[in-house]
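Student: I am new to this structure and would like a close look at one part of it. Please take the strands of chain A and what lies around them.

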Amino acid sequence: MNGKNCIGLIYSNSYDKALPQLADLRTMGSVPFGGRYRLIDFPLSNMVNAGISKVGVATSTKFRSLLDHVGQGKPWDLSRKNSGLAFLPPFDGHSNIREETRIGSLISNITYLEDALEEYVIFSDSNVLCNIDLTVMLNFHVSKNADVTFGYINGEYPKLSDKLVFKFDENDKVTDMSLPSSVNGNVDYFAHICIMSRRLMLQFLNEAQAYNYTSFERDILLPKVKTLNMYGYKLPGFVRTIDSIQSYYNISMELLDEKNRNCLFNPERPIFTKVHDDSPTTYKTGANVSNSLVADGCIIKGTVENCIISRDVIIEEGAVVKDSVIMQGSIIKENAELHFVITDKDTVISSNRKLMGDKAYPFFIPKGVTM
Amino acid sequence: MARKQECIAMLLAGGQGSRLGVLTRNIAKPALPYGGKYRIIDFPLSNSINSGITTVGVLTQYQPLVLNDYIGNGAAWDLDREFGGVHILSPYQQIGESQWYKGTANAIYQNINFIDRYNPEYVAVLSGDHIYKMNYAKMLDFHKKKGADCTIAMMEVPWSEASRFGLMFVDDNGKITAFEEKPKNPKSNMASMGVYIFTWSKLRKYLIEDEAKEGSSNDFGKDVIPAMHENGEGMFAYRFDGYWKDVGTIESLWDANLELLTESSGIDLNDEYWKIYAKNTANPPQYVANTAELQNGILGAGDYIAGKVDYSVLFSNVKIEEGALVEFSVVMPGAVIKKGAIVTHAIIGENCVIEENAKVGERPENFEHGEGWGVSVAGPGTTIHKNAVLTAGKMIENNIEEGVTI
């Protein structure tokens with residue numbers, strides 16, 4: 001089966017506080033990534049590529065840039081007469097649960113789910129990066145006759161609150177769940193992509209409202225491990241969870257590995273994003289670029305090594321940029337030198353400035369700052 | 001009274017561009033790729049929307065498939081509209097007769113009904129195959145200020161090239177006093193750019209008269225404009241002095257692309273205030289590998305560069321493998337240049353594969369055969385197999401087998 005009988009639901013403010021540098025002025029979903037994307041492009045494209053034509057984007061705060069980015073959903077082919085993209089802003093209804101939480105945001109838009117006709121809901125947070133075929137997960141869910149299917153990652157436990165850790169039996173059925181504060185070594189943890197029936201999700205949300213629950217994981221899912229049919233689906237390929245500026249940096253750098261790029265930018269399942277109508281990128285005399293990902297609209301005259309360069313960036317003569325993530329519209333002036341730096345959008349690094357972070361602690365320059 | 005639009009544009013996009021050989025075998029000239037991302041028709045379409053013209057009829061005839069698909073509903077140029085927007089106008093069947101567009105004027109004549117639906121005061125008639133950035137709104141202001149019936153955009157061209165153009169003589173007031181169509185010995189170097197604004201009621205009348213005229217070739221330059229001039233209609237020339245290019249030949253297409261790499265090209269594609277829109281595909285950023293040597297290049301999205309690139313324009317999803325060399329060349333979308341291949345002074349068509357150690361094109365300074373040097377062209381979809389050679393000035397539409405020299 002494909003996503004026709006399925007509604008997509010994305011929460012855009014997922015773990016904003018884990019990434020204060022980039023998600024202080026915007027939602028996690030609108031954090032720039034990979035030169036030309038925003039994080040929400042990945043769950044949105046995954047859903048659309050699975051044939052889902054109805055997607056709700058729930059948000060609670062700081063959503064101007066998100067609204068600007070997703071608009072009516074045209075780049076994802078979600079600007080539809082029927083279904084399509086619905087923006088679900090906080091809505092002061094009858095909920096007594098704070099809307100800044102994921103659950104509060106969903107409760108305040110409960111009508112959207114009630115009015116839908118689709119049988120299933122695929123939920124995704126926006127700090128998880130992957131390009132996966134969700135129809136496989138959906139078929140898994142249906143064939144297991146599961147109540148809830150959790151997409152999980154086997155890896156180092158992220159530094160995030162409310163991350164479920166699972167134990168499965170040989171049939172991938174969840175036998176135990178916990179919410180540890182920290183764990184050593186690799187574990188199977190919830191990637192915050194899950195499938196359940198719409199009916200069950202409504203039931204959960206009503207329960208949360210009735211009992212004033214604030215955490216999906218702790219208050220709703222955890223107590224039901226014995227009573228519900230819950231299964232785990234290991235998300236295949238390149239799957240990463242962003243839990244800090246450090247992991248944001250590391251995951252960005254992982255894109256320089258062709259294997260990861262082929263996984264994340266699989267041409268059969270393109271990642272769609274807002275169109276900017278930039279011109280192609282120009283490399284001038286003296287440009288010296290290696291092992292870097294460069295988006296369109298850039299003008300490169302200097303040296304670039306091991307970098308992610310976003311749209312409309314200018315790197316002037318003699319500038320040297322290494323091991324850095326340079327975001328949209330930034331200008332690195334003549335003979336400036338950057339090592340292990342993340343610049344947010346529209347920063348200007350003046351001539352001859354030298355900025356150096358460390359691999360383990362990249363130097364961050366906030367949006368619009370001129371140095 | 002129904003809604004009306006002050007000015008609509010009719011874009012002539014039926015041209016074959018026969019001198020472009022294999023490159024226009026399956027696509028019309030306006031659909032030719034240009035500048036690492038664009039197709040030529042993006043320029044008149046973007047000019048229209050940037051000038052505030054929101055109704056554009058695109059007249060297609062020759063190989064319209066790619067063009068139709070590319071233009072779609074016009075959303076890429078913001079021309080998907082409830083009232084107006086972009087419309088593809090192909091020749092159609094009518095009671096009693098059905099005919100192809102016999103000439104540029106006949107193409108507009110056959111679509112009088114389309115134009116009348118918008119009840120416009122003015123109609124801009126544009127060529128779909130010219131590269132230029134022009135504000136038609138300014139030209140329209142000029143047209144109105146002069147009280148003209150027809151305004152023709154003109155620009156100064158080098159005297160040596162003047163004989164290729166329709167030339168004009170203009171008085172101090174900007175009024176056109178005489179025309180000369182591609183004369184052997186030009187007496188003017190003010191050339192028509194193929195951009196016209198007409199007062200629709202006047203043009204409508206002349207189109208109907210021209211259609212009824214025996215022996216007319218139904219062409220704007222040859223028939224309609226001279227007829228209007230003879231009858232003393234108000235014909236004015238609007239002077240334009242920006243970048244304008246008609247890429248009629250392989251050499252000029254190659255040149256127009258590589259010209260973008262020079263600072264003084266005269267056309268700025270990075271202009272925030274006059275964006276050239278194109279249909280975007282969902283490609284990731286380009287990747288430049290450790291082994292790449294990349295200078296003086298314009299690169300599209302999704303490219304993978306591991307070889308040496310110098311003075312070249314590469315469209316989207318091009319792959320240059322390690323040890324390959326691409327210089328002074330235009331590489332169209334999806335082409336792959338494999339290890340050890342050398343591509344110089346060439347145009348590589350869409351989805352071509354240049355295999356290991358194959359050689360395409362020659363530097364003019366290395367050309368040993370005297371006369372006859374030219375840009376080499378690998379037609380769309382062709383494969384040049386290992387160790388094969390495509391020599392200077394040659395054009396292919398079929399594969400070259402291993403080791404063969406053409």
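Tutor: What follows goes through an open sheet, a loop residue, a second group of strands and a pocket. The model is a predicted one.

Start with the open sheet of chain A. Five strands make it up, and their order is β15-β18-β21-β24-β27. The pairing in this sheet is parallel. The edges are taken by β15 (288–290) and β27 (354–356) of chain A; each has a single partner strand, so one side of each is left without a neighbour in the sheet. On average, neighbouring strands here are turned by 5° against each other, direction ignored.

At one of these edges the pairing can be followed by residue. Strand β24 of chain A, residues 337–339, is joined to β27(A) by 3 bridges, and the two run parallel. Opposite Glu337(A) stands Lys354(A), which belongs to β27(A).

Another strand of this sheet, β18 (303–305) of chain A, leads to a residue worth a look. The loop between β18 and β19 (308–309) of chain A holds Asn306(A). Is Asn306(A) buried or exposed? Its relative accessible area is 19%; the cut-off for buried is under 20%, so Asn306(A) counts as buried. Leaving aside residues up to four places away in sequence, Asn306(A) touches Met253(A), Leu256(A), Ser290(A), Asn291(A), Ser292(A), Lys322(A), Asp323(A) and Ser324(A).

Next comes strand β8 of chain A, residues 148–156. This strand is mostly covered, with 7 of its 9 residues buried. Two pairings of β8(A) can be described. With strand β11 (residues 186–197) of chain A, β8(A) shares 9 bridges, and these two run antiparallel. Within that pairing, Phe150(A) has Cys194(A) of β11(A) as its bridge partner. With strand β12 (residues 230–234) of chain A, β8(A) pairs in the parallel sense over 5 bridges. There, Met230(A) of β12(A) stands opposite Val148(A).

Last is the second largest pocket, whose volume is about 1000 Å³. Its lining counts 38 residues, and those nearest the centre are Lys74(A), Pro75(A), Val275(A), Ala75(B) and Ala76(B). Two elements give two or more residues to this lining: α3 (64–70) of chain A and α2 (65–71) of chain B. The largest share, 3 residues, is that of α3(A). Sorted by class, the lining of this pocket has 17 nonpolar, 11 polar and 10 charged residues.

Terms used: Residues are numbered from 1 along each chain as its sequence is written. Chains are lettered from A and ligands numbered from 1 in the order in which they are written. This is a predicted model: local features need pLDDT of at least 70, side-chain atom pairs count only at pLDDT 80 or more; totals for chains, interfaces and linings use all residues. Side-chain values use heavy atoms; hydrogens and water are left out. Two strands pair if DSSP finds at least two bridges between them. Helices (H or I, at least four residues) and strands (E, at least two) are DSSP runs, numbered from the N terminus. Axes are lines fitted to C-alpha atoms, for helices over the stretch in contact, and angles run from 0 to 180 degrees between N-to-C directions. Buried means under 20% relative accessible area, exposed over 50%, partly exposed in between (1.4 Å probe, protein chains only). Contact means heavy atoms within 4.5 Å. On a 1 Å grid over the protein atoms alone, a cavity is a set of points where a 1.4 Å probe fits but cannot get out, and a pocket is an open set with protein on both sides within 12 Å along at least five of seven lines; lining residues have an atom within 4 Å of a point. Grid points are joined across faces, edges and corners, and a volume is the space filled by probe spheres set on the points. Ala, Val, Leu, Ile, Met, Phe, Trp, Tyr, Cys and Pro count as nonpolar, Asp, Glu, Lys and Arg as charged, and the others, Gly among them, as polar.
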